[in-house]
Amino acid sequence: MKAFDREVLRCPGRFLLAPDAVLLPEGPADGWAVVVAGGRFEDVGPADELGSRHPLARAVRLPGHLLMPGFVDAHHHLTQSFGAALAFGEPSEIFRRVWVPLEGALDEEAAYTAAKLAALEALRGGFTTVADAGIRADVDVDVVASAARDAGVRCVLGLVCNDVDAGVAAEHRTVLEAAEKHLARYEGDPLVHPSLAVSIPEAATERTLRDTARLATEAGAVMQIHVNEHLAGVERSLVRHGLRPLEHLHRVGALGPHLLAAHATLLTPRELTLLADTGTAVSYNPVASAWKGNAVAPATAMTERGVRVGLGTDGTRGDGFRLAEAAEFAQRLAYGLATGDSSCGAGWTWLEQATRGGADAVGLGTRIGTVAPGSAADFLLVDIGTPELALSWDLPWELVRRGNRDQITAVFVAGRLRMWRGRPTDWDGAALVRRAAELARAAVAEAGVTRAHPTSTAARALTRAQERSAGR
């Protein structure tokens, strides 16, 4: 059996890949292997049995490695990558001050480059699928689709269906026609899966919320919406509708298995029940909560209640292992310490939500998220011979708490090698980063972003000046 290197894995054909272990839903299986052909897992099982069943498959030994499903980012904004660091130190609900003007300053090249840069970071961090919640730039959304395809990442691509802007209603028919065309445009696309999106409940009329939900349901697509993320948004909904945002969506008939609710950090017990009873999915975004949120979503309680949960970065940082760790860590700090819950769902919960749970949340649960026959071959080869993972006692916990993207040797999407030791295999990642730096400077300068907090260097200088003035 041949040992592996990049060139062996880039060859077309049917492969029998035999790592030290394969991560299955029930846990790691030592001595198992997979057969990959036509972009899918054709067979999965003990290596010796697969060798007998597939004698003509090219057998490749993967010593010192774990084969696991790729991570799924259940909530992203690919075209916001130029301004990810602009959120540091800022108070909550920054989209009007930062994201709207920044994305408004992007032309077609800048939007493409920003999206591809985000896809590069995602792939480097082990994400094989990202759910993009829609762009505000005045460009065709296909720019984002092209960037995702060219980078090699799978993308659930949202089309923003807002029809209320500053109190002015857009033409309802125009919004719905655009939604229908978007859903049809990417039907059958191997990497781009269409989705509909509404920024926040107040950005769409009740009629559009209902009709967008209906279209998504009929198409088997997801409808993405930011829900109960910030105190200000909850209070505006209470003043306007007498209901919290999630309750308002329920009243208009927009909740259901088609809906992917981003954040859901501020939930009452009744709203938890609504999520569970309607089958609505949630993207739990723990890093976004830490960076710019008002609260941490009660994700442990959600999973205990049977709510469908995936993990999302919200464009903060593209590292699947650090996201899973943040998911567990945030639950421990926000809820576990006060109750004496030292497990908070255990490592497997957050590993599951980062893979199979995320796949289900973004509407691709039958296609990705697990290593199983018939599933798309979206997977990682993780070096488990590193100091962090070599002395293994409980691999799922160790992946959550001690894993990082430096341990990812290879990233495959649809059976194709996309990333090798942090670098794209068939395009120039360094050149993209250089171009992105040029375009980002111009876009931020033009955007007129409003920040409430200075840079850390400026804040430090201001603090020292104040201390000197006070004679300290």
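Start by selecting L66 and V382: the bridge partner of L66 in β17 is V382. This is a predicted model, so keep that in mind as you click around.

**Stop 1: around β6**

Widen the selection to the whole of β6 and strand β17 (residues 379-383). The two strands pair in the antiparallel sense, with five bridges between them. Now bring in strand β2 (residues 15-24). Seven bridges tie β2 to β6 (residues 58-69), and here the strands run parallel. For a landmark on this pairing, pick V22, which stands opposite L67 in β6.

**Stop 2: a salt bridge in α2**

Next, show side chains for E49 and R53. They meet in a salt bridge, at 3.7 Å from N to O. How far apart are E49 and R53 along helix α2? Both sit in α2 (residues 47-53), four residues apart, which is about one turn of the helix. If you feel like hunting for others, the count for the model comes to 23 salt bridges.

**Stop 3: the eight-stranded sheet**

Hide the side chains and colour the strands. In what order do the strands of the open sheet come? Reading across, the eight strands go β7-β8-β9-β12-β13-β14-β15-β16, and the pairing is parallel. The edges are β7 (71-76) and β16 (308-311), each of which pairs on one side only. Look along the sheet and you can follow its twist, which averages 25 degrees from one strand to the next.

Zoom in on β12 and β13. Strand β12 (residues 192-198) and strand β13 (residues 223-227) run parallel and are joined by three bridges. Click A197 to find the residue opposite, Q224 in β13. Then add helix α7 (residues 206-219), which packs on the sheet and touches both β12 and β13. The direction of α7 makes about 140 degrees with that of β13.

**Stop 4: α6 beside α7**

Keep α7 on screen and select helix α6 (residues 172-185). The axes of α6 and α7 come within 11 Å and cross at roughly 20 degrees, so α6 is roughly parallel to α7. As for handedness, α6 passes α7 in a right-handed crossing. To see the contact, show H172, V175, L176, A179, E180 and L183 on α6, together with R207, T208, D211, L215 and A219 on α7. By class, the residues of this contact divide into six nonpolar, two polar and three charged.

**Stop 5: α14 over the sheet**

Go back to the sheet and turn on helix α14 (residues 346-354). α14 lies across β7, β15 (281-284) and β16, and runs at about 80 degrees to β16.

Now add α16 (residues 395-402). The axes of α14 and α16 come within 8 Å and cross at roughly 65 degrees, which makes α14 roughly perpendicular to α16. This time the crossing is left-handed. On the α14 side, select A346, G347, W348 and L351; on the α16 side, select P396, W397, L399 and V400. Which classes of residue make up the contact of α14 with α16? There are seven nonpolar residues, one polar and no charged.

**Stop 6: α13 against α16**

For the last stop, leave α16 on and select helix α13 (residues 320-339). The axes of α13 and α16 come within 7 Å and cross at roughly 100 degrees. These two helices are therefore roughly perpendicular to each other. Show F321, A324, E325 and E328 in α13: they meet W397, L399, V400 and R401 in α16. The contact of α13 with α16 has five nonpolar, no polar and three charged residues.

Before you close the viewer, highlight W397, L399 and V400 in α16. They are among the residues that meet α13, and they also take part in the contact with α14.

Conventions. Residues are numbered from 1 along each chain as its sequence is written. This is a predicted model: local features need pLDDT of at least 70, side-chain atom pairs count only at pLDDT 80 or more; totals for chains, interfaces and linings use all residues. Side-chain values use heavy atoms; hydrogens and water are left out. Axes are lines fitted to C-alpha atoms, for helices over the stretch in contact, and angles run from 0 to 180 degrees between N-to-C directions. Angles under 35 degrees count as roughly parallel, over 145 as roughly antiparallel, 65 to 115 as roughly perpendicular and the rest as oblique. Contact means heavy atoms within 4.5 Å. Ala, Val, Leu, Ile, Met, Phe, Trp, Tyr, Cys and Pro count as nonpolar, Asp, Glu, Lys and Arg as charged, and the others, Gly among them, as polar. A crossing is left-handed if the near helix is turned anticlockwise from the far one by less than a right angle, and right-handed if clockwise. Two strands pair if DSSP finds at least two bridges between them. A salt bridge is a side-chain nitrogen of Lys or Arg within 4 Å of a carboxyl oxygen of Asp or Glu.
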